[in-house]
Amino acid sequence: MSHLSPDDLSTIRAAIQSQHELLVKQVHNDLDESGRTQYAEVLGRASGDSSDEALAVTLGDLSAARLGHEMRHLYELEYALQRVNAEGFGSCAECGAAIPVARLIANPAATRCIACQEVYEKTHHGQSHGSI
Ligand SMILES: [Zn+2]
């Protein structure tokens, strides 16, 4: 049983979509700023061929860390969008407690309650500079 009402879910879904949209723009801006517009287009098309390698080289010399972080957050948001209708969405992955609606709206990619997230960040010190 979910503690989230249909209204909560649609608010969260809207939050995911607007955050996702913003992040896509930000990724493109970062690529634009470094004069790599052509690679932004490559990213947008998600084409497979040999461009992957060129892209990897390019990403290496712009702020790869920031871009990597943004891309990871994008995937997290996409994953959240897939899960939002599934059973168990909004429950803590560690202890099963209900994650407060406000937390899910602010950070739809959150998979833990605040208490478990704090424990996680302490035990995985320095690995992820937690946006979650
Ligand atoms: Zn928990």
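**Helix α4 and its surroundings**

Among the elements that cover the buried residues of α4 is helix α1. This relation offers a convenient entry into the model, which is a predicted one, and the description below proceeds from α4 to its partner and then to the protein as a whole.

Helix α4 spans residues 64-83. Its 20 residues extend 28 Å from the first C-alpha to the last, close to the 28 Å expected at 1.5 Å a residue. Three of its residues are buried, namely Glu 76, Leu 77 and Ala 80. Viewed down the helix axis, these buried positions fall within an arc of 100°, and therefore they line one face of α4. The other side of the helix carries the exposed residues Gly 68, Tyr 75 and Gln 82.

Ala 80, a residue of α4, merits separate attention. Why is Ala 80 counted as buried? The assignment follows because 22 C-beta neighbours lie inside 10 Å of this residue, and the threshold for burial is 20 or more. Setting aside neighbours within four places in sequence, the contacts of Ala 80 are with Ile 16, Pro 108 and Ala 109. A further spatial relation links Ala 80 with Arg 13: these two residues are 67 apart in sequence, yet their C-alpha atoms are 8.7 Å apart.

Helix α1, which covers buried residues of α4, comprises residues 6-33. With 28 residues, α1 reaches 40 Å from its first C-alpha to its last, close to the 40 Å expected at 1.5 Å a residue. Its buried residues are Ile 12, Ile 16, Gln 19 and Leu 31.

The two helices also meet in the description of the nonpolar interior. The largest nonpolar core consists of nine residues: Ile 12, Ile 16, Leu 77, Ala 80, Ile 99, Leu 104, Ala 109, Ala 110 and Cys 113. Helices α1 and α4 each contribute at least two residues to this core. Ile 16 and Ala 109, both members of the core, are among the contacts of Ala 80 already listed.

At the level of the whole protein, the secondary structure amounts to six helices and zero strands. Read from the N terminus, the order of elements is α-α-α-α-α-α. The protein has 132 residues, of which 14% count as buried. How are the contacts between residues at least 6 apart in sequence distributed, and what percentage join residues at least 24 apart? The share is 55%.

Note on methods
Residues numbered from 1 in each chain as written. Predicted model: local features only at pLDDT ≥ 70, side-chain atom pairs only at ≥ 80, totals over all residues. Helix = DSSP H or I, 4+ residues; strand = E, 2+ residues; numbered from the N terminus. Expected span 1.5 Å × (residues − 1). Buried ≥ 20, exposed ≤ 12 C-beta atoms within 10 Å, placed from the backbone. Contact = placed C-beta atoms within 7 Å. Core = buried A, V, L, I, M, F, W, Y, C linked by C-beta atoms within 7 Å. Arc of directions from axis to C-beta.
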